[in-house]
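Colleague: I am new to this structure. Please take me through the terms and what earns them.

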Amino acid sequence: MPHVDVAGTRLHYHVAGEGPLALLVHGFPFDATMWLDQLSRLRTVRRCVAPDLRGFGASAPTTERTLPMERHAQDMAQLIATLADGDAVADVVALSMGGYVVLALWENHPERVRSLALLDTRAEPDDEEGRAGRDATISSVVQQGRTPLATDLLGSLLAPDADATARARVRTMIEGTRVETIVAALRGMRDRPDRTALLSTIDVPTLVVAGEHDAPTPPEAMQVMADTIPGARFEVVPGAGHVTAVERPEVICDLLAEFWGAQQ
Ligand code: MLT
């Protein structure tokens, strides 16, 4: 199993293909398997690396009380530096919490980013209600385990007519994520700072993507994000909810292949 040792832990990653490095950063509470279609279909144009973030998936367990976005960003910078040839840069793709992580990566290590694809994410912090919701989710997960969370998230994240395979994959990832990681990640997301002012500083090619039926990060909000990033391209994925890469993998693969192709 490929892995890399970074600041006090061991990260597992999937890798496929040859060529310039692309880094695919998963959302919450998922793992690198959310990118399996992209690894399989984009391997002809990029060396695609999909890590399990610290504490997630097949990466080493962690008992860290909180998993700040900046900690994951530091891990991603180190991963790129370790795996990329030459310039140590990557085309970075990220969904939702992955987007929170790569905005922290842009803030702290912009030299590692050749281009950005921001899927179903936001730069705003949690508001008061959102922060209270994180605390309520922590209590629920600690008391009742992951199944109620999986049921809630399937209802709130996926498009109403998401297919059975997408539902099964999302449930499997949620129920496979360690409780201690879920809790630490919820704290990390709850406490993340506002990064909206950072958007206008992004000066690499950027693709912003929203699912048509994405409830947590609706297309209207993501359009505003795209409008704030100089030169960013904005796309809506028809029929998808929040987990576009799993719900409409072929659309995301086509968009990424075209986006990367336009940069060469
Ligand atoms: C995700 O998909 O990563 C989550 O919706 C992020 C969040 O809970 O804010």
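Modeller: A polar contact is a pair of N or O atoms within 3.5 Å; within protein, one must be able to donate a hydrogen and the other to accept it, and residues adjacent in sequence count only if both atoms are side-chain atoms. This is a predicted model: local features need pLDDT of at least 70, side-chain atom pairs count only at pLDDT 80 or more, and totals for chains, interfaces and linings use all residues. Residues are numbered from 1 along each chain as its sequence is written, and side-chain values use heavy atoms, with hydrogens and water left out.

Colleague: What makes the pair between Met-97 and the ligand a polar contact?

Modeller: A polar backbone atom of Met-97 is 2.9 Å from a ligand oxygen. The limit is 3.5 Å, so the pair counts. Arg-134 places a polar side-chain atom 2.8 Å from an oxygen of the ligand. For His-242, a side-chain N or O atom is 3.1 Å from a ligand oxygen. The protein buries 89% of the 270 Å² that the ligand exposes when taken alone (Shrake-Rupley method, 1.4 Å probe).

Colleague: Which residues are around the ligand?

Modeller: Being near takes a heavy atom within 4 Å. Among those that pass are Gly-27, Phe-28, Ser-96, Tyr-100 and Arg-122. By class, the shell has five nonpolar, three polar and two charged residues. Arg counts as charged, Met and Phe as nonpolar, and Gly as polar.

Colleague: Why is the chain called as compact as a globular protein of its length?

Modeller: The chain has 10 helices and eight strands (DSSP runs: H or I, at least four residues; E, at least two). Its radius of gyration is 17 Å, close to the 18 Å that the globule rule gives for 264 residues, so the description holds. That rule is 2.2 Å times the number of residues to the power 0.38, with the radius taken over C-alpha atoms.

Colleague: What makes the backbone at Pro-29 and Ser-96 worth a look?

Modeller: Most residues other than glycine have a negative phi, and most peptide bonds are trans. The bond from Phe-28 to Pro-29 is cis, with omega near -5 degrees. Pro-29 lies in the loop between β3 and α1. Ser-96 has a positive phi, near 55 degrees. Its loop runs between β5 and α3.
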